[in-house]
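Please take a moment with the sequence and the three-dimensional model shown here before reading on. The paragraphs after it are meant to be followed with the coordinates open.

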Amino acid sequence: MRLPREEKGLWLVPLVAVILLWEFSAVFVVKDPLKLPRFSAVVFSIYALRDVLIADTLVSLLHFGIGVGLAFAVALPLAIGMGWSRRVFKAVDPIVELLRPIPPLAWIPLAMIWFHLTHYAAGFIIFIGAFFPILIDSYTGFRDVPKVLVETGKVLGCIGDRKQIRFVALPYALPSVATGTRVGMGVGWMCVVAAEMFAVSDYGLGYRLFQKFYFLHQMDYVVAYMLVLGLVALCLDRLFRHFVEERLFRWKKGIVK
Amino acid sequence: MNHKLEIRGVTQVFSSEEGEVKALEGVNLEVRPAEFLCIIGPSGCGKTTLLRMVAGLEQPSSGEIILDGKPVRGPSPDRGMVFQEFSLFPWRTVLRNVEFGLEIKGKVEGKVKGKVKGKVKGKVKGKVKGKGGVESGKKERREVAEKYIELVGLRGFERHYPYELSGGMKQRVAIARALATEPAILLMDEPFGSVDAQTRNVLQEELLGIWQRTRKTILFVTHSVDEAVYLADRVAVMSARPGCFVKCLEVDLPRPRKRTSVEANEFREKLLMWLSLERSKAACIF
């Protein structure tokens, strides 16, 4: 097979190679559809499941939206406080660092008790996943605002914390906030399976993967949903980068190069 | 004569691990209106600290700083400042950078409460009646900004971002930005220290042109003797720490000045002598 000259189609080569290898090993080496379903079987499953797949994806996106939206709404004001004021940082950081290493999965029992079997329970787990990356990248951005820019603002009449945050700190920190949000979105999405494990609704990619397909040993369906999980994440990430980061990172081009 | 700026008995003490450090002691200076005054001194003598106090970014431990008869309490667009480091807001274009001070001013003056008569744009609380006049922002701001961008010779670059500009251009934008708020005095802290020597000479010439056209009072800190000789009406020489002024020299070289003239060299020698002089407390003047 000829390798393309430019970098444009480069990613296709390893992808096709992996797919071929997969199909080959499934058919001739493993020979057990439970241990390794064929790639072609997986593709067929996606087609077979297409109706319920759409419903599941939408419900998962709903949980994701609740979780990430809340995480952003809570993390950003906190990050402004922590990044701008040394005092606030010193006061709050120990609590943050204590809670941060607790895996989202460990929050499931509490989520069940607090929110019962509703969409909010799932949203909460995703919230836990997305919150810390958004918080940390954002407050780092606010903390790193160069003193010379703040002082320049002051001598131009931008006096007082509110104005300084609005006109100097926030625009400077915005790319960091975007990066944190992107990472938070990634972690949040990874929590979808954990968030939906306990039947918070009758739909959801994670719910169906864990409770139905795995339970019934339909491994080709399982792998199909795994792929969908990955593809949706990829789409979300690319869309975010295109619409948000492209615009915000323009001015950073000159600095980070 | 009414002085534009007076610095009286300014002392600055700050505490560090080794105990108290006196950065400045008993500093006195009078700046005349529309004068170009250079402050020169060895590194660490406190000249930047003094300038920052005039800007209002730092407070003296004792003493007063008075501009146009009013004491300086904090930063204000009335005292424009150009820093040595590049200080443009990287997320704003050249035009939006220069507009910054005007935008903030607009936000401050734009809040009105109670009855207003006239055409108003933006946020207003209260009753508004009739036709007439509160000036709005955007168009006027843009015009003022464009005027100063042209003054510093950067017409055509309004929509550029700072990362697309050279060092000299960036400092020119910084100067335009500081002037756009029409300050009473312009403070400059080694503004050309970060650019190469040739650009530096060009910028010095341009600054003199801007100064002559705007008739601004300029307080310029430098440690370059050549720069002071070329630019200043008067040069105030500061001692090493704790800083105070040991001498104030009038530069009576006619303008436009030739950097390499005999008179310029003589003055340069005099200045160098004063800089190298070992001085005691008693030598501080004013």
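What follows is a walk through chain B, from its overall make-up to its sheet and loops, and then a visit to chain A.

The model is a predicted one, and every value quoted below is computed from it. Chain B contains seven helices and 12 strands, and of its 286 residues 50% are buried. If one considers the contacts in chain B between residues with a separation of 6 or more, 68% of them join residues that are 24 or more positions apart. The accessible area that chain B exposes comes to about 14100 Å², of which carbon and sulfur atoms supply 49%.

A useful place to begin in chain B is an open sheet of six strands, which are arranged in the order 6-9-10-3-11-12 with mixed pairing. Strand 6 (79-82) and strand 12 (245-250) of chain B are the edge strands, each of them pairing on one side only. On average, and with direction ignored, neighbouring strands of this sheet are turned by 20° against each other. Within the sheet, strand 9 (residues 185-189) and strand 10 (residues 217-222) of chain B run in the parallel sense and are paired over five bridges. To locate this pairing at the level of single residues, one may look at L186(B), whose bridge partner in strand 10 of chain B is I218(B).

Helix 4 (residues 167-180) of chain B packs on this sheet, where it touches strand 6 and strand 9 of chain B, and its direction makes about 175° with that of strand 6. One residue of helix 4 of chain B is R172(B). Is this arginine, R172(B), buried or exposed? R172(B) counts as buried, because its relative accessibility is 17% and the cut-off for a buried residue is under 20%. When neighbours within four places in sequence are left aside, the contacts of R172(B) are V152(B), G153(B), L154(B), L203(B) and E206(B).

The loops on either side of helix 4 of chain B can be read in the same manner. The loop between helix 3 (138-151) and helix 4 of chain B holds G156(B), which is exposed, with a relative accessible area of 53%. From G156(B) to E146(B) there are 10 residues in sequence, and their C-alpha atoms are 9.7 Å apart in space. In the loop between helix 4 and strand 9 of chain B one finds E182(B), a residue that has a positive phi of about 50° although it is not a glycine. E182(B) is partly exposed, because its relative accessible area of 45% falls between the cut-offs of 20% and 50%. A positive phi, of about 55°, is also found for R215(B), which is not a glycine, and R215(B) is placed in the loop between helix 5 (197-214) and strand 10 of chain B.

Two further loops of chain B deserve attention for their peptide bonds. In the loop between strand 11 (234-238) and strand 12 of chain B lies P242(B), which is joined to R241(B) by a cis peptide bond with an omega of about -5°. After strand 12, the loop that leads to helix 7 (262-276) of chain B contains P256(B), and here the cis peptide bond is between R255(B) and P256(B), with an omega of about 0°.

Chain A may be approached through two of its helices. Helix 1 (residues 12-30) of chain A includes V16(A), which is partly exposed, with a relative accessible area of 31%. V16(A) belongs to a nonpolar patch on the surface that also takes in W11(A), L12(A), L15(A) and L20(A), and together these residues have about 500 Å² of accessible area. Why can V16(A) be counted in such a patch, given its relative accessible area of 31%? The answer lies in the cut-off, because patches are made of residues with over 30% relative accessible area, and V16(A) has 31%.

In helix 3 (residues 50-84) of chain A, G83(A) offers another case, because this glycine is buried, with a relative accessible area of 10%. Leaving aside neighbours within four places in sequence, G83(A) is in contact with Y139(A), F142(A) and R143(A). Between G83(A) and F198(A), by comparison, there are 115 residues in sequence and 37 Å in space from C-alpha to C-alpha.

Technical notes:
Residues are numbered from 1 along each chain as its sequence is written. Chains are lettered from A and ligands numbered from 1 in the order in which they are written. This is a predicted model: local features need pLDDT of at least 70, side-chain atom pairs count only at pLDDT 80 or more; totals for chains, interfaces and linings use all residues. Side-chain values use heavy atoms; hydrogens and water are left out. Two strands pair if DSSP finds at least two bridges between them. Helices (H or I, at least four residues) and strands (E, at least two) are DSSP runs, numbered from the N terminus. Axes are lines fitted to C-alpha atoms, for helices over the stretch in contact, and angles run from 0 to 180 degrees between N-to-C directions. Contact means heavy atoms within 4.5 Å. Patches are made of residues with over 30% relative accessible area and no salt bridge: like charges are joined within 9 Å, nonpolar side chains (Val, Leu, Ile, Met, Phe, Trp, Tyr) within 5 Å. Accessible areas come from the Shrake-Rupley method with a 1.4 Å probe; for residues, only the protein chains shown count as cover. A salt bridge is a side-chain nitrogen of Lys or Arg within 4 Å of a carboxyl oxygen of Asp or Glu. Buried means under 20% relative accessible area, exposed over 50%, partly exposed in between (1.4 Å probe, protein chains only).
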